[in-house]
Amino acid sequence: MPLSDLKCRNIRPGPKLQKLSDGGGLQLWVQPSGSRLWRLAYRYNGKQKVLALGTYPIISLAEAREARDDAKRILSAGIDPSEQRKKDAREARTTFRDVAEEYVAKLVQEGRAEGTISKIKWMLSLAYPILGEMNVDEVDAPAILAVLRTVEARGRYETANRLRSTIGSVLRYAMATARATSDPTLALKGALVRPPVTSYAAIIDSKDFGALLRAIDGFEGHPSTHAALRLMSLLFPRPGELRGAEWSEIDFEQEVWTVPPGRMKMRRKHRVPLSKQAIDNHKSPIRRLIQA
């Protein structure tokens, strides 16, 4: 029975690999990890073979069927689709930089924050001197480690770990789009220097929290600053979210503050329950802040 997009989307992983058939050799492999991989089973010169067609949902059901039909046409001409793909890859060389720029463009389309995009671009610029012009499918663990060691040599241990993760994201995107076969960064998890953990002060005692609120009450600066300090201690928003708060975002009846996606780091709407201390009586800090 042919697959449907609903079935592809809703199938749950099990303890073993599941192979769902769409017909004509097209299969959706559901891994125990939850990943969904398109595979085409076919025979060439009497041997059973499998061709990777990408990852669902990056490659949709319709696109997977189109790729299956293309492979069948190649097979009918007496050519092994796997060998043809290798030949095409050699002729149309795709560099790590090509895939990285395509990956960044995808994140922009998804609405990622400008600051996030800038940081990823900067991270990738550290990798380009060594990896940039390499064929993406030839990027291996030693080459990646050479990039990370140059960062570690400057004492930037946290940056090196983040860069490993960013390079891995690019390579996994290349795998999903059938331009790479592995993510070598997974083998480097224990190869990097672990950055020292810095613990920041936190108020976890109710008496200490009361002392903080009393200290804020004693603040004699601008009223809007006083209100903002109160709300920071009661609602725990990011400063940018609080500074841009507008009346239209506050629902006093439901006692909730809805921060729009444009001010959220992940570009998703965020609902903040309002405590009674934030909205009650004429001294309500949220009223004073927005009025200011």
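Is Tyr 103 buried or exposed, and what is its relative accessible area? Keep that question in mind as you begin, and remember throughout that the model on your screen is a predicted one. Select Tyr 103 and you will find that it is buried, with a relative accessible area of 13%, because a residue counts as buried when that area is under 20%.

**Stop 1: aromatic rings**

Stay with Tyr 103 and add Tyr 173 to the selection, since the rings of these two residues have their centres 5.9 Å apart and their planes at 50°, so the pair is described as tilted. The two residues come from distant parts of the chain, with Tyr 103 in helix α4 (residues 96–109) and Tyr 173 in helix α7 (residues 157–176), which places them 70 residues apart. Tyr 173 is buried too, its relative accessible area being 11%.

This is one of the four aromatic pairs that the structure holds. For another, select Trp 38 and Tyr 56, whose ring centres are 6.0 Å apart and whose planes stand at 85°, so this pair is edge-to-face. Here again the pair links distant parts of the chain, for Trp 38 belongs to strand β3 (residues 36–44) and Tyr 56 to strand β4 (residues 47–56), with their positions 18 residues apart in the numbering. Both Trp 38 and Tyr 56 are buried.

**Stop 2: the hairpin of β3 and β4**

Now show the whole of β3 and β4, which run antiparallel and are joined by nine bridges. As a general point, the strands of a sheet pair through backbone hydrogen bonds, either parallel or antiparallel. If you look for Tyr 44, you will see that it stands opposite Lys 47 in β4.

Two residues lie between the strands of this hairpin, and Asn 45 takes a positive phi near 55°. In general, most residues other than glycine have a negative phi, and most peptide bonds are trans. Asn 45 is a residue other than glycine with a positive phi, and it is exposed, with a relative accessible area of 68%.

Move next to the bond from Tyr 56 to Pro 57, a peptide bond that is cis, with omega near 10°. Pro 57 itself lies in the loop between β4 and α2 (61–76).

**Stop 3: charges over rings**

Select Arg 39 together with Trp 29, and you will see that Arg 39 lies over the face of Trp 29, at 5.7 Å from the ring centre. A second example is found at Arg 97, whose charged end sits over the ring of Tyr 128, 4.2 Å from its centre.

**Stop 4: helix α5**

Tyr 128 is among the buried residues of α5, which also include Ile 117, Ile 120, Met 123 and Leu 124. Display the whole helix (residues 114–131) and compare its length with expectation: at 1.5 Å a residue, its 18 residues should span 26 Å, and its end C-alpha atoms are 25 Å apart, which agrees. Follow the helix to Ser 125, where α5 bends by about 30°, and notice that a proline, Pro 129, follows within four residues. To see what surrounds α5, add α4, α6 (141–152) and α7 to the view, as the buried residues of α5 pack against these helices.

**Stop 5: helix α9 and the residue after it**

Turn to helix α9 (residues 223–235) and select Ser 233 within it. At 7% relative accessibility, Ser 233 counts as buried. Which residues is Ser 233 in contact with, leaving aside its neighbours within four places in sequence? They are Phe 209, Leu 212, Leu 213 and Ile 216. The 13 residues of α9 should span 18 Å at 1.5 Å a residue, and the end C-alpha atoms are 18 Å apart, which agrees.

Just after α9 comes Phe 236, which takes a positive phi of about 60° although it is not a glycine. Phe 236 is found in the loop between α9 and α10 (239–243), and it is exposed, with a relative accessible area of 66%.

**Stop 6: a sheet of three strands**

Finish with the open sheet whose strands have the order β5-β6-β7 and pair in the antiparallel sense. At its edges stand β5 (250–251) and β7 (270–273), each with a single partner strand, so one side of each is left without a neighbour in the sheet. Strand β6 (residues 256–259) pairs with β7 over four bridges, and Val 259 stands opposite His 270 in β7.

Conventions
Residues numbered from 1 in each chain as written. Predicted model: local features only at pLDDT ≥ 70, side-chain atom pairs only at ≥ 80, totals over all residues. Heavy atoms only, no water. Phe/Tyr/Trp six-rings, centres within 6.5 Å; stacked < 30°, edge-to-face > 60°. Buried < 20%, exposed > 50% of the residue type's maximum accessible area, 1.4 Å probe, protein only. Lys NZ or Arg CZ within 6 Å of the ring centre and 35° of its normal. Expected span 1.5 Å × (residues − 1). Bend = angle between axes of the 7 residues up to and from the residue. Contact = heavy atoms within 4.5 Å. Pairing = 2+ DSSP bridges.
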